[in-house]
Amino acid sequence: MKISASILSSKKIDVAVKELSLTDVDYIHVDFIDDTFINGKKIPFRKLKKISKYSPKRLDIHLMTSNIKKYIKKFASLNAEYITFHIEATDKVEELIELIHNYGIHAGLAINPETDIEKVKPYLNDIDLVLIMSVNPGYGGQSFIPETVETVKTLREYLNKENLKVLINVDGGINNETSNEVKKYVDIMVSGSYITNSDNFQEKISSLR
Ligand code: DX5
Ligand code: ZN
């Protein structure tokens, strides 16, 4: 089980990122919103690109934009392990997966809580990760949507049945309680405000593992 820490709720990104560097967190989860796909908390790319200056941690990039091609190109210059975009935001899924792979970066597809998990099935041979949203994208600090557990479970069973090596990442409202609902089915859990609103990041990260 890997943990990816979202900094969307942090007041000072540089301070949060430096502190995360001192923990054993596996990735820093970078949320990018520009109001073309959904409205929410916007941190401009010029700020996000500095993250790699403050930390050697690998980045788990979550694009919540319809300008996917443009931002794949920009974020590919950072220390990205994964670049994930929303299946609802484009009809050029294959092309965009290929673009990410051409940069030598793992490609992920994200789906909103309301979207049928069946929609990702045609792409499972091409992608490295599915990011299942357990809140509606936009802001940190929202409550975990319990129906998501079924989605995660359904995908896990399908991946096992088909012997597919795609990772499952779950994002939104993850804390020491909600993590217990999903941790047996997923490979990565994103957690933001639960970690970054505390004064002991490592303690919170350890409590999720
Ligand atoms: C929501 C973002 C999430 C969010 C996670 O749009 O994609 O990554 O910041 O934060 P918490 O853990 O506070 O829900
Ligand atoms: Zn996210």
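**Close-up 1. The salt bridge between Asp 24 and Arg 209 in the predicted model**. Asp 24 pairs with Arg 209, and their closest N and O atoms are 3.3 Å apart, a salt bridge being a side-chain nitrogen of Lys or Arg within 4 Å of a carboxyl oxygen of Asp or Glu. The pair links distant parts of the chain, 185 residues apart, with Asp 24 in the loop between helix H1 (13–21) and E2 and Arg 209 in the segment after helix H9 (201–208); helices (H or I, at least four residues) and strands (E, at least two) are DSSP runs, numbered from the N terminus. The whole structure holds 8 salt bridges.

**Close-up 2. Polar contacts of ligand 1**. Oxygen atoms of ligand 1 lie 2.7 Å from a side-chain N or O atom of Asp 171, 3.1 Å from one of Ser 6 and 2.8 Å from a polar backbone atom of Gly 173, where a polar contact is a pair of N or O atoms within 3.5 Å.

**Close-up 3. The residues around ligand 1**. The ligand is surrounded by 19 residues (each with a heavy atom within 4 Å of it), of which Gly 138, Gly 141, Asp 171, Gly 192 and Ser 193 are the closest. Strand E2 (27–33), strand E3 (58–64) and strand E8 (188–191) are the elements that give two or more residues to this shell.

**Notes.** This is a predicted model in which local features need pLDDT of at least 70 and side-chain atom pairs count only at pLDDT 80 or more, while totals for chains, interfaces and linings use all residues. Residues are numbered from 1 along each chain as its sequence is written, chains are lettered from A and ligands numbered from 1 in the order in which they are written, and side-chain values use heavy atoms, with hydrogens and water left out.

Technical notes
A polar contact is a pair of N or O atoms within 3.5 Å; within protein, one must be able to donate a hydrogen and the other to accept it, and residues adjacent in sequence count only if both atoms are side-chain atoms.
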